[in-house]
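Reader: Could you take one part of this model and go through it closely, in a connected account rather than a list? I would like to know how the helices there pack and how far the prediction can be trusted.

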Amino acid sequence: IKASFWRHCRFNSMERRRRRQQQIGLEDAAKHFTRRIKRNPHHAAHYHNLGEILKAEGDTGRALKALHKAVELDPSNVYARNDLALHLMESGRLEDATEEITLAIEASPQHPLLHKNAAAIFARRGRYHEAQTHAESAVRFAPTDPAGYRLLARIRDIRGNTEQSLKFNRAAVFLGPGRRLQYDKHDAAAYKEVAVQSVGMGQTESGYAHEHMDAHRALLGKRVQLPHTQTTIELLHKARAGRNADAKRGESVRAG
């Protein structure tokens, strides 16, 4: 018990030190961009960077003010407008967030990130038809990005279309982590959704649900009921192999 207690104390001490170092880094960065703004008060990028740093520090009021200034100085900067929209959404100002993300999309109508965030904002407002339209646009403009498929799957599920939701969750699982190159909690959640929805729709004969739930648990570092020699990557490959087999069966049915 004593050894466990001291390990816990050591971990907490290291975590506090890491957070403090991160906080000092953010404070130094904020001072840096504040100085640059004083030297050049009409440079939109400095306000944008300062706004993101202040947001990370938790200074909501100053972050919004800096992002508003960035957009005011450079209305064509869709990235600053996108970040402003997200911050407004997180602050509960959904109408303002909708206005900003709509203006960003008007300036760059084929940008998948803007459509993904627009879908999130409209979904937060309960306007699921518009959310689905933007999520579909995100997938159309970035067909290899699993995040768009996960978002579309969630919206379809909310609207009561479990079959289509499962289809898009499977697509997200098939694509894997995309350009991130490593799996994270979002991928793990997609595997779990595939498992749960497969069971809900009675699709249990192929072992699909068990394989995907095992992959979900493995990605989160949890124990699975499998031989110890089977690694996480093997689990993922096994689950994806099932997805490939389903796709081939679908192609043969369409061909027939």
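Author: What follows is a close look at the packing around helix 4, beginning with the confidence of the model. The model is predicted, and its chain averages a pLDDT of 78, with 72% of the residues scoring at least 70. Confidence is highest in helix 5, residues 94-107, where the mean is 96, and lowest in helix 12, residues 232-255, where the mean is 48. Two stretches stay under a pLDDT of 50: residues 224-233, for which the model has twelve contacts beyond four places in sequence, and residues 246-256, for which the model has two such contacts.

Turning to the part itself, helix 4 spans residues 78-90 and packs with helix 5 at an angle of about 160°, the two axes lying 8 Å apart. Since angles over 145 degrees count as roughly antiparallel, helix 4 and helix 5 are therefore described as roughly antiparallel to each other, and their crossing is left-handed. On the side of helix 4, the residues that meet helix 5 are Val78, Arg81, Asn82, Leu84, Ala85, Leu88 and Met89, while helix 5 contributes Leu94, Asp96, Ala97, Glu100, Ile101, Leu103, Ala104 and Ala107. By class, the residues of this contact divide into eleven nonpolar, one polar and three charged.

Helix 4 also meets helix 6, and here the axes come within 11 Å and cross at roughly 20°. Because angles under 35 degrees count as roughly parallel, helix 4 and helix 6 are roughly parallel to each other, and helix 4 passes helix 6 in a left-handed crossing. The contact is made by Val78, Asn82, Ala85, Leu86 and Met89 of helix 4 with Leu113, Leu114, Asn117, Ala120, Ile121 and Arg124 of helix 6. Sorted by class, the contact of helix 4 with helix 6 has eight nonpolar, two polar and one charged residues.

One residue of that contact, Asn117, links the two descriptions. Asn117 is found in helix 6, which covers residues 112-124, and with a relative accessible area of 12% it is buried, as the limit for that word is under 20%. Leaving aside neighbours within four places in sequence, Asn117 is in contact with Asn82, Leu86 and Ile101. Of these partners, Asn82 and Leu86 are among the helix 4 residues that meet helix 6, whereas Ile101 is one of the helix 5 residues that meet helix 4. Asn82 itself is listed in the contact of helix 4 with helix 5 and again in the contact with helix 6.

Conventions
Residues are numbered from 1 along each chain as its sequence is written. This is a predicted model: local features need pLDDT of at least 70, side-chain atom pairs count only at pLDDT 80 or more; totals for chains, interfaces and linings use all residues. Side-chain values use heavy atoms; hydrogens and water are left out. pLDDT is the predictor's confidence in each residue, from 0 to 100. Helices (H or I, at least four residues) and strands (E, at least two) are DSSP runs, numbered from the N terminus. Contact means heavy atoms within 4.5 Å. Axes are lines fitted to C-alpha atoms, for helices over the stretch in contact, and angles run from 0 to 180 degrees between N-to-C directions. Angles under 35 degrees count as roughly parallel, over 145 as roughly antiparallel, 65 to 115 as roughly perpendicular and the rest as oblique. A crossing is left-handed if the near helix is turned anticlockwise from the far one by less than a right angle, and right-handed if clockwise. Ala, Val, Leu, Ile, Met, Phe, Trp, Tyr, Cys and Pro count as nonpolar, Asp, Glu, Lys and Arg as charged, and the others, Gly among them, as polar. Buried means under 20% relative accessible area, exposed over 50%, partly exposed in between (1.4 Å probe, protein chains only).
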